[in-house]
Amino acid sequence: MRFGGVVALNGLSFNVDEGQMCALIGPNGAGKTTLFNVISRLYEPTEGKVTFAGDDLLAVPAHRIAQIGIARTFQNVALFPGLSVRDNVLMGAFSDTKAGFLSTAVRWPTAIKEERTSRVTADALLEELGLGAVADRPAAGLPYGTLKRVELARALASDPRMLMLDEPATGLTHAEVDDLADLVRRVRDERNLTVLLVEHHMAMVMRISERIVVLDYGAKIAEGDPDAVRNDPQVIEAYLGGGNS
């Protein structure tokens, strides 16, 4: 992936197994979020290919990414502040509906049924993630840790096969990070999800990841289980030894 003369991703190649918790780490500017944006079709890569469950992901329009089973959160919370927590989560559920604009506008029975199903899904997720008490409150003004859970609930509302989490622990307290780690692992296990995680909080990465891919300047410099990566000299030099946490 090139931006003018800048090579943001350079010959990067790795696999994530179905059901695996895979972390993508590296210094700031290593290309982690760029890769997320390629996978979620926000960016068109200069060359190369991305496959998901055997299909060519680059042939899928960006608006169909959620429909084929990929959901993501963002490094900076991307919610609608004026909408209630429930309505924010419903935005994720609607990506999995089949009713078109016309049937929804005229309130055809199929559209009404799907809307009711989506609300049941959203309310169940809110309870599961401990958000039931704030379901009717606007997102604006809620604590940052709560907003992170709302964004996770919205991603899960589309019933994904793969969940992409972009620095979910940013801005959280140590206690909130521990709670989030437990929540992500529980959600993965209960829903049999594949999780691709970008995170700078190394304690969380080492605690819940089964495989780690390390980037530096857009290229992969290491890959393996947490113990192997933790002791890799290149990782220690480029990332762990560079003062990042």
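# Exercises on a predicted model

The protein has nine helices and 10 strands; helices (H or I, at least four residues) and strands (E, at least two) are DSSP runs, numbered from the N terminus. This is a predicted model, where local features need pLDDT of at least 70, side-chain atom pairs count only at pLDDT 80 or more, and totals for chains, interfaces and linings use all residues. Residues are numbered from 1 along each chain as its sequence is written, and side-chain values use heavy atoms, with hydrogens and water left out.

## Exercise 1: burial

Find how much of the protein is buried, then look at helix α1.

Step 1. Fix the term. Buried means under 20% relative accessible area, exposed over 50%, and partly exposed in between (1.4 Å probe, protein chains only).

Step 2. Take the whole protein. Of its 245 residues, 47% count as buried.

Step 3. Turn to α1, residues 32-39. Seven of its eight residues are buried. They are Lys32, Thr34, Leu35, Phe36, Asn37, Val38 and Ile39.

Step 4. Look for the cover. Strands β1 (2-3), β3 (21-25), β6 (70-72), β7 (162-166), β8 (194-198) and β9 (211-216) are included in what covers the buried residues of α1.

## Exercise 2: two packed helices

Describe how α2 and α5 pack.

Step 1. Choose the values. Two packed helices are described by the angle between their axes and the distance between the axes.

Step 2. Read them off. Helix α2 (residues 85-94) and helix α5 (residues 144-156) pack at about 35°, and their axes are 6 Å apart. Axes are lines fitted to C-alpha atoms, for helices over the stretch in contact; angles run from 0 to 180 degrees between N-to-C directions.

Step 3. Name the hand. The crossing of α2 and α5 is right-handed. A crossing is right-handed if the near helix is turned clockwise from the far one by less than a right angle, and left-handed if anticlockwise.

Step 4. List the contact (heavy atoms within 4.5 Å). Helix α2 gives Val85, Asn88, Val89, Met91 and Gly92, while α5 gives Val150, Ala153 and Arg154.

Step 5. Sort these residues. Five are nonpolar, two polar and one charged. Here Ala, Val, Leu, Ile, Met, Phe, Trp, Tyr, Cys and Pro count as nonpolar, Asp, Glu, Lys and Arg as charged, and the others, Gly among them, as polar.

Step 6. Check the burial of α2. Seven of its 10 residues are buried, so α2 is largely enclosed by the rest of the structure. The buried ones are Val85, Arg86, Asn88, Val89, Leu90, Gly92 and Ala93.

## Exercise 3: a buried loop residue

Find what alanine 139 touches.

Step 1. Place alanine 139. It sits in the loop between α4 (109-128) and α5.

Step 2. Test its burial. Alanine 139 counts as buried because its relative accessibility is 5%.

Step 3. Set aside the neighbours within four places in sequence. Alanine 139 is then in contact with Phe80, Pro81, Leu83, Asn88 and Leu147.

Step 4. Compare sequence and space. Alanine 139 and proline 81 are 58 residues apart in sequence, yet 4.7 Å apart in space, C-alpha to C-alpha.

## Exercise 4: empty space

Describe the largest pocket and the largest cavity.

Step 1. Fix the terms. On a 1 Å grid over the protein atoms alone, a cavity is a set of points where a 1.4 Å probe fits but cannot get out. A pocket is an open set with protein on both sides within 12 Å along at least five of seven lines, and lining residues have an atom within 4 Å of a point. Grid points are joined across faces, edges and corners, and a volume is the space filled by probe spheres set on the points.

Step 2. Take the largest pocket. Its volume is about 990 Å³. Of its 32 lining residues, Phe14, Ile39, Lys49, Val50 and Thr51 are the closest to its centre. Helix α1 gives the largest share of the lining, three residues.

Step 3. Take the cavity. The count comes to one cavity of 30 Å³ or more. The largest has a volume of about 60 Å³. Its lining is Thr73, Phe74, Lys148, Glu151, Leu152, Leu165, Pro168, Leu180 and Val184. Helix α5 gives the largest share, three residues.
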